[in-house]
Amino acid sequence: MDGTVCSYRGCKRSYSGDKDVSFFAFPSDPERRRLWMENCGMMTELYGLEEKELRRKKVCSEHFEIMDFSRPGSRAALKDCAIPIRIDSGLPTAKPDRMFVQRRLRPKSRKKVPKDGLKGCRLPVQIVVDGKEHWQMAEILQVKRLPDSKKSYYVHFLEFNSRLDAWMSEDKLDFSKVQFPNIHFDAPIRVIMQGYVGATTQEEPQLTQLQQLPLGNPNLNGPISSTLRSGNVPPPPIQNPIEKRIKNVELIELGRYRIKPWYFSPYPPQFNGLPCLFICEFCLGCHSTREVLAVHLRTVCTRKRPPGKEVYRKQGISIFEIDGAKEQLYLENLHRLGKLFLEHKNFVCKADQFLFYVMTQFDTRGFHLVGYFSKVKADIHDFNVACILTLPPYQGKGFGNMLIQFSYLLSKIEGKQGTPEKPLSDLGLLSYRSYWSHTIMGILLKVVATPPEGESKNVGVSISDICNTTSMKKDDVISTLGSLGICFWFEDGIIIVLTQEMRKEYEEVERSRRMRIDPKCLKWSLTVWVAPRPEVEARELLMLR
């Protein structure tokens, strides 16, 4: 019977011989029916048929896109607006009876889930937190085969920072609960044929992703029928390639510390996969073994300090100012090292429009890197920090607070109100919130403690007063006051209410902060820089935070 055979030109699937596909009748709407005939390549044969005869003609589910079906992972029901894929869409040619559409696989059991080609899928992964086992949803970013024929999966835990990404063995993943990517309905889905890249000659073809499609990207707009079905499919924008989300350095040795990196960094390929990368703590060059590093320290790297000019020194802390136009190699190494711990930092070597302030601890062996921040030489937006980093061994010890304090000290000397470039990272935001809150709280408590003679302790202070005293931008001051929860509306204005608990908390933090920048130890003079042209503005040369 004609109704049991697919009417798509060249397709030989039938209801009796292909139980794994569904068949759909031509729609009753005249315009959609014409599109079905045209896309199936059967306009001449079907256009003149009577209504009764046409009802017997059907098209199988292999000629529709994944978004044409009403339920993800199922091909049993079509949407009302579904239209078959155009037969002359310009895709690579193959035998018509071997054509198939890339679609999501629906696991029926734990054993039958294909473990190859699971990139982008989400599933529960077993982790240990506080000695207890938990199942946390994670996304698979990469799959690799181990020498014992087993597989290892590189996963990103959802709702957690990427520095927790890790390789996990198969027994830690629950393949029975795989969630396949929810591709945005406006994103183009490729139609591939037997013999095309990623396809195999097996009965069940193993599909390999040819390009990453952003999941739920609202920027991918436009009707799918006007792009995919015409064969003119533009490549979707790739904001964060999978390859750049996978850590390529397992461990680094910097001075007397061994540090586990958090993120990917563009070190040369010959250093990828090494059990440990040995970095010179003075020039920041990378080496494959400790022996090679020792030879480098004896014969090449005789300077036991960063390049540039020392502008601050006190109590074992020294800060160097480095001109990005003069020390290209050192800053290139600094960028690579910083990228290991900064997720949203792009690597661009051209940094001649920037100044770098490198903080070190010095002893008899030399000056040891603690952290750094960079700023644009002539920034029209008054950003006093472009990128800031404290190395993990020195975090939580007050060094990050000192870097922030030093940046605002430079802004005060410049006569500007500064602010860091945004968005800030999660740790960067915590550091700045802590600094802003403590500094502003100190000013408010000082104003309350020493009111003018003859006045009560209900004294006034303006936002501008705080900005002028701290060199902070008004937006940062206002957002910090809001986060402190001390602002209230009273009668016809805003009042700030402080409590004794706030005073005690401030005094405890003040006593614990033993390290702070002393303006008297600063040896820095203001330099006037020429602002770059807008088309070559510095933040287009180096991605900063």
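This tour moves through a predicted model, from the whole chain to selected strands and helices.

**The whole protein**

Begin with everything displayed. The protein contains ten helices and 21 strands. Of its 545 residues, 44% are buried. The exposed area comes to about 29,600 Å², of which carbon and sulfur atoms supply 53%. Among contacts in the protein with a separation of 6 or more, 63% link residues 24 or more positions apart.

**The open sheet E4-E5-E6-E7**

Select strands E4 to E7 next. These four strands form an open sheet in the order E4-E5-E6-E7, with antiparallel pairing. Strand E4 (122-129) and strand E7 (166-169) stand at the edges; each has a single partner strand, so one side of each is left without a neighbour in the sheet. On average, neighbouring strands of this sheet are turned by 55 degrees against each other, direction ignored.

Now restrict the view to strand E6 (residues 151-157) and E7, an antiparallel pair joined by four bridges. Which residue of E7 is the bridge partner of Ser152? Selecting Ser169 shows that partner.

**Strand E16 and its partners**

Move on to strand E16 (residues 366-376). Is this strand enclosed or open to the outside? Eleven of its eleven residues are buried, so strand E16 is largely enclosed by the rest of the structure.

Add strand E15 (residues 354-363) to the selection. E15 and E16 pair in the antiparallel sense over ten bridges, and a hairpin of two residues joins E15 to E16. Within this pair, Tyr357 stands opposite Phe373 of E16.

Then add strand E18 (residues 387-390), which runs antiparallel to E16 and is joined to it by four bridges. Keep Phe373 highlighted: its bridge partner in E18 is Ile388. Phe373 is thus a useful residue on which to centre the view, with Tyr357 opposite it and Ile388 as its bridge partner in E18.

**Helices H7 and H9**

Finally, select helix H7 (residues 426-449) and helix H9 (residues 474-484). Two packed helices are described by the angle between their axes and the distance between the axes. Here the axes come within 10 Å and cross at roughly 85 degrees; H7 and H9 are therefore roughly perpendicular to each other.

To see the contact itself, display these side chains:

- From H7: Arg433, Trp436, Ser437, Ile440, Met441 and Leu444.
- From H9: Asp476, Val477, Ser479, Thr480, Leu481, Ser483 and Leu484.

Coloured by class, the contact of H7 with H9 shows seven nonpolar, four polar and two charged residues.

Note on methods: Residues are numbered from 1 along each chain as its sequence is written. This is a predicted model: local features need pLDDT of at least 70, side-chain atom pairs count only at pLDDT 80 or more; totals for chains, interfaces and linings use all residues. Side-chain values use heavy atoms; hydrogens and water are left out. Two strands pair if DSSP finds at least two bridges between them. Axes are lines fitted to C-alpha atoms, for helices over the stretch in contact, and angles run from 0 to 180 degrees between N-to-C directions. Angles under 35 degrees count as roughly parallel, over 145 as roughly antiparallel, 65 to 115 as roughly perpendicular and the rest as oblique. Contact means heavy atoms within 4.5 Å. Ala, Val, Leu, Ile, Met, Phe, Trp, Tyr, Cys and Pro count as nonpolar, Asp, Glu, Lys and Arg as charged, and the others, Gly among them, as polar. Buried means under 20% relative accessible area, exposed over 50%, partly exposed in between (1.4 Å probe, protein chains only). Accessible areas come from the Shrake-Rupley method with a 1.4 Å probe; for residues, only the protein chains shown count as cover.
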